[in-house]
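Here is a short briefing on one protein chain and its ligand. Please keep the sequence and the model open while you read.

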Amino acid sequence: MGIHGCATRLWGCAGHALIGQTCCQGTEILVTSRDRERIAAFTARTDFFERALPIDPVYLDQDDDPNWLVWAFDTDGTRHVLKREPNGDCGFLGHLGCTLPLDVRPLICRLHPYEYTEDGVTGVSSQCPDEVVPPGSTIVEVLGMVPDEAERWRDQIYAELRADHLERGGKP
Ligand code: SF4
């Protein structure tokens, strides 16, 4: 997540970090095999992810998006996620925000705070507090996000998840 601000006050993720836990803290970040390849190529590391069952059951609540559960999770209920520090922070979270360039970040991170299903972007999450958005603006404007780019990343994450599913021997 980026750092966004103005001369007198910090907005967006930086502002959020000042008042509470951000989405880079305490969140289970799913990574596709292509996410893992991109991050490994950038960091020259392969120790940044693990296979894990969801700790938070919210990740299993995908009634409106049935292929997500089938494609993102293996038959034993696990999926690949980024490792976290003992305090819950993402391993790539630095003092100034994410240490990965945008085009290397997990697709999940690039898409946040958009909400989406396999069929398209459905809205914007309400997880970002109002206090981090300047009056008359929206969180996607503060973050400099472009809807067309979000749709492209959404297409990409489902294509990568489906490819992982097929590679595991799943049904087309
Ligand atoms: S990879 Fe970057 S954007 Fe994603 S959770 Fe970690 S620190 Fe945040």
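What percentage of the 172 residues of the protein chain count as buried? The share is 28%. This is a predicted model, so confidence is covered below along with fold, core and ligand shell.

**Confidence**
- The protein chain has a mean pLDDT of 91.
- In the protein chain, 95% of residues reach a pLDDT of 70 or more.
- Helix H2, residues 33-43, has the highest confidence, at a mean of 98.
- Strand S1, residues 4-5, has the lowest, at a mean of 42.
- Over residues 1-7 the pLDDT stays under 50. For this stretch the model has 24 contacts beyond four places in sequence.

**Overall fold**
- The protein chain holds six helices and eight strands.
- Read from the N terminus, the order of elements is β-β-α-α-β-α-β-β-β-α-β-β-α-α.
- The C-alpha trace spans about 55 × 35 × 30 Å along its principal axes.
- The radius of gyration is 16 Å, which agrees with a compact globule, because one of 172 residues would have a value near 16 Å.
- Take the contacts between residues at least 6 apart in sequence: 66% of them join residues at least 24 apart.

**Nonpolar cores**
- The largest nonpolar core has 25 residues. Ile-29, Leu-82 and Leu-111 have the most contacts inside this core.
- Four helices and strands each supply at least two residues of this core: helix H3 (66-72), strand S4 (79-82), helix H4 (107-111) and helix H6 (147-167).
- Helix H6 gives the most to this core, with five residues.
- Another core, of five residues, lies apart from the largest one. Its members include Cys-128, Val-132, Ile-139 and Leu-143.

**Around Leu-82**
- Which residues does Leu-82 contact, leaving aside its neighbours within four places in sequence?
- From earlier in the numbering come Ile-29, Val-31, Phe-48 and Phe-49.
- From later in the numbering come Cys-90, Gly-91, Phe-92 and Pro-106.
- Of these contacts, Ile-29 is also among the residues with the most contacts inside the largest core.

**Ligand shell**
- The ligand has 12 residues around it.
- Cys-24, Cys-90, Leu-93, Cys-98 and Cys-109 come nearest to the ligand.
- By class, the shell has 11 nonpolar residues and one charged residue. It has no polar residues.
- Cys-90 links two topics here: it is one of the residues that come nearest to the ligand, and it is in contact with Leu-82.

Terms used
Residues numbered from 1 in each chain as written. Predicted model: local features only at pLDDT ≥ 70, side-chain atom pairs only at ≥ 80, totals over all residues. Near = placed C-beta within 6 Å. Nonpolar A, V, L, I, M, F, W, Y, C, P; charged D, E, K, R; others polar. Rg over C-alpha atoms; globule rule 2.2 N^0.38 Å. Buried ≥ 20, exposed ≤ 12 C-beta atoms within 10 Å, placed from the backbone. Contact = placed C-beta atoms within 7 Å. pLDDT = per-residue confidence, 0-100. Core = buried A, V, L, I, M, F, W, Y, C linked by C-beta atoms within 7 Å.
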